[in-house]
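Colleague: Could you take me closely through one part of this predicted model, the strands around a single parallel pairing, and then set that part in its wider surroundings? A connected account would suit me better than a list.

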Amino acid sequence: MKHPEIPSFAYRLFKWFCKDPLFEELEGDLEETFLRNKERFGLKKARRIYTREILKMIRPSVLSKPTSGPGYQAALLGSYVTISIRNLKRQKLFSFINIFSLSVAMSAGLLVIGMITDLLKFDEFHGHKHEIYRVISSPVYQSRTLDVQASSPRYLGKEMMQHISGIHVTNLGRRMQGTATANEKNLFLKGIYADEHFFDFLSFELTKGNKKTALKEPFSVLLSQSFVDKTFKEEDPLGETIDIEGLGTFIVTGIVADPPQFSHLQFEAVVSISTTPLLANQGVLAKSHDQWENLDRYYNYIYIPNNEQKANVESWLETTAPTFFQDQKNFTASFELQPINKIVPGPDISDSIGPKMIYLPIIILSVIAGAILLSAIFNYTNLSMARSLRRAREVGVRKLNGATRSSIFGQFTVEAIILSLFSLGLSIVFFRMLRNGFIALLPRAEEMVRLELSAELIGLFVVFAILAGLIAGLSPSLFFARLSSLNALRSGKMLKTLSGINFRKGLIVTQFALSIIFVMAVVITNKQYSYSLNKDMGFDKSNILNVSMQGNDPEILRAEFLKLPAVSKVSFSSYITGVGTWNNLQLVDSRNQDTVWVHDLFVDHSYLDNMNIELLAGRNFETGENKIRESAILVNETFVQNFGLGSPSEAIGTIFKVEDESVEIVGVIRDIIYANLEEHINSFVLRNGKRYHYANLKISSTDVIGTLDKVEGVWDSVDKKHRFEAHFLDQQIEDYFKFLVDFMKIFGFVGFLAISISSLGLFGMALYATQTRMKEIGIRKTFGASERMLIFLLSKGFFKMVAIAVLIGSPICYFLFDKLILAQQVYRTEITIMEVGGSILFLMSLCFLTIITQTWNAARTNPADVLRDE
Amino acid sequence: MKGTNLGEFQEIVMLSILILEKNAYGVTIQDEIDRRMKRSISRGALHTALTRLEEKGFISSDYGEPTSERGGRRKRFYEVTNKGLETLQEAKELREGMWGLIPKLT
């Protein structure tokens, strides 16, 4: 004990910094000197000397070694790792369950991380990426704001340059495509239009040609390296000409390097935008293509050096730009700047120039992946706690041997991280397996996302795994670190002190609620899918082969195709029905001169018969009747109703004006679902005589492949230039509903994860519960409880939890589908008790199996075995 | 090796221990040095020297019985080992030899 006259601060300081084994000797000596000094010099001076002596004690040989420092930590970590691996090996089942569930969950996380890192790379290659913007427009039609468009008026940039100095603009256009003939080869070519400022600030590389002039003259084209490789190969294409079907002959003025993978602008060729006025003169483009009112097709990219003029540009766009619209009351637009690297991923904007990826699916996927991962992490926590019975003794012994809280904490944290790193190894295998499927799930993702394993990505994964391990290990580590060794060694008692039972029950309930949601989602989506495929759309879907006409004469094609015995009928249409396409038509009602928008489809006279569409009144088109002048149309029932024409037969003979021609309704057809199941049937007009794009072949043979080959042979004899393109209608409709299959795949995958993870969680809980109640079971058994009663007793609690989960989850899922997801479809299936009940039964029986494995064993144990020690 | 040579202060400490015989512990060694060298050294400095000497194997130490005079804390007594004695001898001989070589001042 300290002498009362010794300065206590100095004493405490010394006690704190001095090495424990030295303290007794040194403090003893100092106290002896202090007492002597007190007699010799008096108390005050003695105290001063004592304090000085203590301060002089601060030297390496006296200071206690801190329990930290790099060397010490490394040694400690090494021992943690060894012990962790031994523990993982000893409990193979537990480790396997944990590693498996964690790696499955992690693979979902890895896919999302990979996707996000890929998307974040978009348009990062532009040198001035922070100073380049695209002008986007929000058109307002009769004070109704329409969808935001990525495009803007053709000459917006030009006008802006005249008002604001020190900015650069390049004007681009889309839909430059067609079959190109280059060096006697025919290839489909897809590209963009651009003006001569294209290379001024966008970081695309012109490998051959003059940057300033290559895109100046009309009918100039820059070819991408890959297109040159396919056509001109080693030859120099500069100065050569290529034909692009429907556009004209172009002179090659340069070669441009292929755009980087992570660019929202993708092209095989760049055509000078000065070509477009000439194309409009030729009738290829609408005359109004460059009017301010025409907002599609053209894009303005602005480079504002150092962003100095940004405020000016924005205020010009806000105040001056809308004044260029001729009739501002009727049609105007507001404009905004969109930074170039915020285009992909970006907000949902229509009329985009390249591939787009909106935020919503990314957010949804991230949330799902996060939820799965959290679930797996909680499971780890849960199972670790459940096994605490066994581990507690180990911790108790360690603590008795002097382990500190922090070293126990470190041990369990390292264990979780090691497990998580093992899982990472396995999940990278899963990642590679699932990669392509995942990309296929997202619309157009194959153009944007590569998910290639780079060193950078793997580094990110490792950080992710360590983080996951840290989170997973946190709760068990804290629990074991806090455990007192006394409680730890009195095994039976300490388990009662386990806290957070309600929390863990809550977790199980949440997990099962999610599981039931996903199970039901799969079942309901499946029902909607089969409903969609089997829905009577009003026309015959089977045995129709749609052949893309690619500009060939219909009568020649018909004559040639009909020569094949397998083809029984041939008709023509402007688009394919039932796969989400429709066309708008402006119609003038001749009774009151009102302009009305309806939908139309061009078909020939054999279409109705071929597609088995019922004619309710009037007659079909006659051969050649609309060839020279359009005079007859067919309409659907909805048309007759919407225009108040009375009964179908009364509607016959009504006159409308279409494209300045007077046309008469000659027949009324039954309503068909021409667009898709999401849209209501609108007023629909069948027109005749021109604009056919598809030949519809009725195939009467059962030999699908042989017939396809023969049809292709006929095609090749008629058209030597274009590739044969044909699809079966029922296949096309099935493909159209593929998104539902994709939904099922996502829900199924996530559901599988959720179920397996929550079942493992339940398994852990059951294991824990039965192990802690072994003595109770033994006593009950001795007093005559039957095995069945015991199983019931032990399982009851878990079923209650699952039942609560079902009660929470199924209404959520029902509401989600009934009111939100299926509500988007006009033609939809109904959710019945079959789907709800079936899903619940499935999940319940799975839980039953999980629980029974534990309770069955517990109920069958011999009471003597468990009660022997009492 | 940190080396087995003897610093001047360490030599003094060892000699003090030898002088004190059985009663060589922190406080007495400190007093002895104070008295002989007319120089006040801190207990900390002495501790460092003792630790070094013990590391080199020149001295050894042992705790005594607890006494009431210093709050029940035991004293730690030091003793010069044979190795320490040898080293001291060598140092002494080296010096004497060198002294003997100095030409007598006439």
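Modeller: Strand β17 (residues 632-636) of chain A runs parallel to β19(A), and five bridges join the two strands. Within this pairing, A:L634 has A:G667 of β19(A) as its bridge partner. As everywhere in what follows, the geometry is that of a predicted model.

Strand β19 (residues 661-669) of chain A also pairs with strand β16 (residues 615-618) of chain A, here in the antiparallel sense and over three bridges. In that pairing A:L615 stands opposite A:I669 of β19(A). A further antiparallel partner is strand β18 (residues 655-658) of chain A, which is joined to β19(A) by four bridges, and there A:V658 is found opposite A:E661. The strands β18(A) and β19(A) form a hairpin with two residues between them, and in this hairpin A:E659 adopts a positive phi near 45°.

From here one can turn to A:S606, a residue in the loop between β15 (595-602) and α19 (607-611) of chain A. Is A:S606 buried or exposed? It falls in between, because 18 C-beta neighbours inside 10 Å make A:S606 count as partly exposed, where 20 or more would be needed for a buried residue. Leaving aside residues up to four places away in sequence, A:S606 touches A:K569, A:V570 and A:S571. Its separation from A:N620 is 14 residues in sequence and 8.6 Å in space, taken from C-alpha to C-alpha.

The residues that A:S606 touches lead on to another sheet of chain A, since β13 (567-573) belongs to it. In this open sheet four strands follow the order β13-β21-β12-β22 (chain A), with antiparallel pairing. The edges are taken by β13 (567-573) and β22 (726-728) of chain A; each has a single partner strand, so one side of each is left without a neighbour in the sheet. On average, and with direction ignored, neighbouring strands of this sheet are turned by 25° against each other. For β13(A), the partner is strand β21 (residues 694-699) of chain A, to which six bridges join it in an antiparallel run, and A:V567 stands opposite A:I699 of β21(A).

Helices lie across this sheet as well. Helix α22 (residues 704-718) of chain A lies across β12 (544-548), β21 and β22 of chain A and runs at about 30° to β12(A). Helix α23 (residues 729-736) of chain A, for its part, lies across β12 and β22 of chain A, at about 80° to β22(A).

How do the nonpolar residues of the model gather into cores? In soluble globular proteins, nonpolar side chains tend to be buried together. The largest nonpolar core here has 145 residues, and of these A:A105, A:V270, A:I372 and A:I516 touch the most other members. Apart from it lies another core, of 50 residues, which includes A:V570, A:I576, A:I665 and A:Y694. Returning to the largest core, A:A105 touches A:I372, A:L373, A:S375, A:A376, A:L753 and A:I757, when residues up to four places away in sequence are not counted.

As for the chain that holds these strands, the secondary structure of chain A comes to 28 helices and 22 strands. Of its 870 residues, 39% are buried, and among contacts in chain A between residues at least 6 apart in sequence, 81% join residues at least 24 apart. Chain B, by contrast, has four helices and two strands, arranged along its sequence in the pattern α-α-α-β-β-α. Buried residues make up 25% of the 106 residues in chain B, and of the contacts in chain B between residues at least 6 apart in sequence, 48% join residues at least 24 apart.

The two chains meet where 16 residues of chain B are in contact with 18 residues of chain A. On the chain B side, the elements that give two or more residues are α2 (26-37) and α3 (43-56) of chain B, and α3(B) gives the most, with six residues. By residue type, the side of chain B that touches chain A divides into two nonpolar, seven polar and seven charged residues.

Key. Residues numbered from 1 in each chain as written. Chains lettered and ligands numbered in written order. Predicted model: local features only at pLDDT ≥ 70, side-chain atom pairs only at ≥ 80, totals over all residues. Contact = placed C-beta atoms within 7 Å. Nonpolar A, V, L, I, M, F, W, Y, C, P; charged D, E, K, R; others polar. Core = buried A, V, L, I, M, F, W, Y, C linked by C-beta atoms within 7 Å. Buried ≥ 20, exposed ≤ 12 C-beta atoms within 10 Å, placed from the backbone. Pairing = 2+ DSSP bridges. Axes fitted to C-alpha atoms, helices over the stretch in contact; angles between N-to-C directions.
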